[in-house]
Structure formats: C-alpha cells, structure tokens
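Trainee: Please pick one part of this model and go through it closely. I want to see how its pieces fit together.

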Amino acid sequence: MRRALVLAREAEASADVPIGAVVYDADGIEIASACNERELSGDPTAHAEVLALRRASAYLDSWRLVGCTLVVTLEPCTMCAGATVLSRVARVVYGARDPKAGAVDSLYDVVRDPRLNHRPEVVGGVLADETGAILRDFFKAKRIKRAPNSLPAV
C-alpha cells in the first residue's frame with residue numbers, strides 16, 4: 001500500500017484525484033502500477049486500477065491476471081471492480097472505503113457477486129487513515145480554492 005500511496009501523490013501533483021494502484025504477481029513482485037490519469041489524458045476510464053490492470057496484462061501478455069493482487073488506495077468503483085473480476089485477479093487490497101462509489105464493500109459488492117464466474121479475495125482498510133487523509137486533503141484544498149475570497153459588497 002505504501003507504493004500505491006506514492007503513486008497517489010503523483011496523481012495529486014498532476015491535479016488528478018490522488019489514487020494509486022499496483023499489481024503484484026503471485027510471487028509478490030510488482031509487475032505494473034499507475035495513478036489516476038483522467039485529467040492528464042481526458043479519458044474517463046483512466047482510473048488507476050484500469051491502467052494498472054492494462055499494464056499488467058501487457059507485461060504478462062495475457063488478459064488473465066491469475067494469481068495477481070491489485071493494491072489500490074481507494075475502494076474500487078463499479079467500473080474498476082468489474083475490470084478486476086474480468087481480469088481474473090486473485091486478490092483486491094484497498095485502503096480507504098468509498099461510501100459514495102465503492103463497489104467492493106461500501107455501496108455495492110461487485111467482486112463477490114455469486115452470479116459472476118470469478119470472485120477475488122478482498123482485503124480492505126489497509127492503511128485506511130493514510131489513504132483516506134490524502135483524499136480528504138485533496139478535496140478540502142479543491143473546495144477552498146473554489147470558495148470566494150471575500151463576500152460580495154451589499
């Protein structure tokens with residue numbers, strides 16, 4: 001998760017939501033990583049998880065990421081949870097819960113839906129305070145930046 005936090009800070013530096021993701025192979029070796037690139041690329045699907053899964057597939061020359069672990073700083077959304085299932089990832093490890101869009105525990109449970117043919121193991125809440133803090137600080141700074149500097153004259 002510490003590696004994913006480093007990547008999250010890279011996203012923040014490029015004005016994107018600070019989320020980082022890392023894919024490890026069955027031996028625990030990092031094979032791919034990414035941070036959010038939606039603002040950078042203008043691509044709504046450029047979430048850290050999707051980019052990391054794509055890069056891991058390219059590295060392994062296979063869309064099947066059997067035995068791999070996806071580590072991400074924020075609970076995956078519906079799109080990312082679906083991509084995780086479809087890529088056959090063995091395990092999802094996430095930091096902070098996402099009560100507004102989380103699709104692994106909070107709002108939905110896409111990855112453990114018994115109707116699907118693959119269900120990865122889920123480990124949530126890893127370094128949740130740190131991963132949550134970077135997101136809270138990011139959005140707090142955005143709100144302050146958008147707030148008016150002074151009240152209008154009456």
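**The largest pocket and its surroundings**

Mentor: The largest pocket is lined by 23 residues, and those nearest its centre are Leu74, Asp98, Lys100, Leu135 and Phe139. A pocket here is an open set of points on a 1 Å grid over the protein atoms alone, where a 1.4 Å probe fits, with protein on both sides within 12 Å along at least five of seven lines; lining residues have an atom within 4 Å of a point. This is a predicted model, where local features need pLDDT of at least 70, side-chain atom pairs count only at pLDDT 80 or more, and totals for chains, interfaces and linings use all residues. Residues are numbered from 1 along each chain as its sequence is written, and side-chain values use heavy atoms, without hydrogens or water.

The largest pocket has a volume of about 560 Å³. Its lining holds twelve nonpolar, three polar and eight charged residues. Helix H5 (residues 128-146) supplies the largest share of that lining, six residues. Helices (at least four residues) and strands (at least two) are DSSP runs, numbered from the N terminus.

Now take Leu74 from that central group. Leu74 falls in strand E3 (69-74). E3 is mostly covered, with six of its six residues buried (under 20% relative accessible area, 1.4 Å probe).

E3 has partners. With strand E1 (residues 20-24), E3 pairs in the antiparallel sense over four bridges. Pairing takes at least two DSSP bridges. In this pair, Ala21 faces Val72 of E3. With E4, E3 pairs in the parallel sense over five bridges. Here Val71 stands opposite Val93 in E4. Between E3 and E4 the chain passes through H4, and this β-α-β crossover is right-handed (clockwise from first strand over helix to second, strands pointing away from the viewer).

Look next at that linking helix. H4 spans residues 78-86, and its buried residues are Cys80, Ala81, Gly82, Thr84 and Val85. What covers them? Among the elements covering the buried residues of H4 (contact: heavy atoms within 4.5 Å) are helix H3 (48-60), E3 and strand E4 (91-96). So E3 and E4, the strands that H4 joins in the right-handed crossover, also help to cover its buried residues.

After H4 comes Arg88. Its phi is positive, near 65°.

In short, follow Leu74. Leu74 is among the residues nearest the centre of the largest pocket, and its strand, E3, pairs with E1 and with E4.

Conventions: Buried means under 20% relative accessible area, exposed over 50%, partly exposed in between (1.4 Å probe, protein chains only). Grid points are joined across faces, edges and corners, and a volume is the space filled by probe spheres set on the points. Ala, Val, Leu, Ile, Met, Phe, Trp, Tyr, Cys and Pro count as nonpolar, Asp, Glu, Lys and Arg as charged, and the others, Gly among them, as polar.
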